[in-house]
Amino acid sequence: RRVREPIEAARLDTPMFYVSAADYYFKQGDISEAKQVLSNLCEIQYDSLTLLRIVAYTLESLRYFEDAHKIYSRIYKLQNKNPQAIRDLALSCHRLGQYARAMDLLTILVTGEWGAYFSQIEVVGLMDMISISHLVSSSALFHPSLCHILEQHRIFGIRMVLCWNQSIDVELVIKEPSGEICNSFHNCTSAGGYMSRNFSHGYGPVEYMIETPETGHYNVFAQIFSPNVPQSMSVCVKLNVYINYGEINNQEEHIVVSHLV
């Protein structure tokens, strides 16, 4: 099925055109057409991890979790030794209530050896496991070496996690209500904010968290830190914002930005 509006042929090879067209149809309430547009994007290059992540992020932000899960599963089949692909599928399983599968995948992530490029990704994985650990009825799902960590009940007033679709360096920057900046160069703030290690290769994630947030506005910025990134590159980022992370009824918001400059 074709996008109905007349378009320039050259734009058909531009991934962000498909994302914008799909967003247009979603807002018009034409869900089937919107999903068809995203499906067409997947078929431009069937095994393109960059394009598949754009589609998965977009579907996830619109809360079509089962459709996003199919894409994350395809990415995992193409890249099942990549810790970021493992994490993406684990979180997708979590959203669908497949807690045992999610814990299995996150255990692989947390206990694996991933080399210098992915150093400390296990820290982010442990934080992901905390949320699931409160939803399962038995600690039998926990890896024996992780039980003492997961059984601790810690609540973070704010947790933000940034991922992206290109193998480049994207910087997460948080400006706290006091005006203090938290980033990979200044990763601990006086208010207790903490930023995880930034991944200069791959697709993230990088996370910010604070147990007791200050009252006021938190300003969030994402910027490309890699040099010489062409303007034509389709960079898509996904920000997950959690309020009262660690509580069973924590709030989560999915934010997708389809192009960074």
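1. What should the 13 residues of helix α3 (residues 49–61) span at 1.5 Å a residue, and how far apart are its end C-alpha atoms? The expected span is 18 Å, and the end C-alpha atoms of α3 are 18 Å apart in this predicted model, so the two values agree.

2. The surroundings of α3 deserve a comment as well, because 12 of its 13 residues are buried and the helix is therefore largely enclosed by the rest of the structure. The buried residues include L49, L51, L52, I54, V55 and L59, and also R53 and E60. After the helix comes R63, which has a positive phi, near 70°.

3. A second place to examine is I86, which lies in helix α5 (residues 83–95). With a relative accessible area of 2%, I86 falls under the 20% cut-off and is therefore buried. Leaving aside residues up to four places away in sequence, I86 touches Y76, N80, L105, I108, L109 and W114. As for I75, which is 11 residues from I86 along the chain, the C-alpha atoms of the two residues are separated by 9.1 Å.

4. For the chain as a whole, the model contains 8 helices and 8 strands, and 49% of its 261 residues count as buried. Among contacts with a separation of 6 or more, 62% are accounted for by residues 24 or more positions apart. The accessible surface of the chain comes to about 12,600 Å², and carbon and sulfur atoms contribute 50% of that area.

Notes: Residues are numbered from 1 along each chain as its sequence is written. This is a predicted model: local features need pLDDT of at least 70, side-chain atom pairs count only at pLDDT 80 or more; totals for chains, interfaces and linings use all residues. Side-chain values use heavy atoms; hydrogens and water are left out. Helices (H or I, at least four residues) and strands (E, at least two) are DSSP runs, numbered from the N terminus. Buried means under 20% relative accessible area, exposed over 50%, partly exposed in between (1.4 Å probe, protein chains only). Contact means heavy atoms within 4.5 Å. Accessible areas come from the Shrake-Rupley method with a 1.4 Å probe; for residues, only the protein chains shown count as cover. The expected span of a helix is 1.5 Å times one less than its number of residues.
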